[in-house]
Amino acid sequence: MKSNTKLFVEKAVSGYIDFLRESGFTVSLCNLDPIFHFCYDSLMFYVGHTTEFCLRVKENKKQICIERQKQLVKQVSFENFGPFTCFAGISEYVFPIDYGDKRYGIICLLKKDEKGKVDIDENLAKTVIIPLCYAFEKLIKQIEEEYLVQKELSASEKTYYEILNYIANNVNRKITIKDVCDITHYSQTYVSREFKKFNGKSLIDYVLDFKIKTAKKFLEKTNLPISDIAFKIGYINANDFTSIFKKKVGLSPKKFRESFNKI
């Protein structure tokens, strides 16, 4: 059971990211440490780049993006936070999520004007991100105190969290067991068994539930057209997405958004 303190800090982190996004900033969490699986439901909506341009680029250049993020994890600091420009021409500021002497991930931040140019300077970027970094420090400290995660993770645990991160970062794609086997280098039998042992759901059921949960977040927190939301979770055909969403939730995406807005 989550403590009141941990729940409060989780809400502070997610609430502040929501505030920044509603204020016109694009905020993404990348290369998160497995420690965050203890609050994955709170953070999963913010994992990976979800701008439409990035999602389209990643359809064919995913590995290049992954390698760039790995380099940035080692490179960035509060003295060296960009802006950095990727191979696709996207410029963003990148800040470390640090606690003690360990790095737990990175925060990517950008804001563009109506012409698509970066519309934020270094001072403003650092000012808006510092409170989020402090909140992450508090969250990591709370997780360590409650779960004693200083202990070494087993090989199975590491694989499980690697799969969760892969799903979160590839929510815009059709994810198969073969895809997961390719990145973990384990057999389908092993991956399926171990994932269900930790999660309680089959891998395919979890992927679908994750996509639906992500779609709900977009419906609740944005005014994006339903066709755009469908694309963001890997459905080219919005009608297919609507049909699956209604089957899982009991409401169409439109009705779900309307019902949420009435609360």
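Trainee: What phi does Gly-24 take, just after helix 1?
Mentor: A positive one, about 100°. The model is predicted: local features need pLDDT of at least 70, side-chain atom pairs count only at pLDDT 80 or more, and totals for chains, interfaces and linings use all residues. Residues are numbered from 1 along each chain as its sequence is written, and side-chain values use heavy atoms, leaving out hydrogens and water.

Trainee: How do you know that the span of helix 1 agrees with its 19 residues?
Mentor: Helices here are DSSP runs (H or I, at least four residues), numbered from the N terminus, as are strands (E, at least two). The expected span is 1.5 Å times one less than the number of residues. For residues 4-22 that gives 27 Å, and the end C-alpha atoms are 26 Å apart, so the two agree.

Trainee: Which residues of helix 1 are buried?
Mentor: Among them are Lys-6, Val-9, Glu-10, Val-13 and Ile-17. An α-helix has 3.6 residues a turn, so residues three or four places apart point the same way.

Trainee: Why is Leu-72 called buried?
Mentor: Buried means under 20% relative accessible area, exposed over 50%, partly exposed in between (1.4 Å probe, protein chains only). Leu-72 has 4%, so it is buried. It sits in helix 3 (residues 52-75).

Trainee: What is Leu-72 in contact with, leaving aside its neighbours within four places in sequence?
Mentor: Phe-84, Val-94 and Ile-106. Contact means heavy atoms within 4.5 Å. Phe-84 is 12 residues along the chain from Leu-72, and their C-alpha atoms are separated by 9.0 Å.

Trainee: How many disulfides does a search of the whole structure find?
Mentor: It finds 0. A disulfide needs two cysteine sulfur atoms within 2.5 Å. For Cys-30, the nearest cysteine sulfur is that of Cys-108, at 4.0 Å, and Cys-30 is in no disulfide.

Trainee: Why does Cys-30 count as buried?
Mentor: Its relative accessibility is 0%, so Cys-30 is buried. Cys-39, at 1%, also counts as buried.

Trainee: How far from Lys-211 is the nearest side chain of opposite charge?
Mentor: That side chain is Asp-179, 9.3 Å away. Lys and Arg count as positive, Asp and Glu as negative; His and the chain ends are not counted. A salt bridge puts a side-chain nitrogen of Lys or Arg within 4 Å of a carboxyl oxygen of Asp or Glu. Lys-211 has none, yet is buried. It lies in helix 8 (residues 203-221). Beyond its neighbours within four places in sequence, its contacts include Val-171, Arg-173 and Tyr-235.
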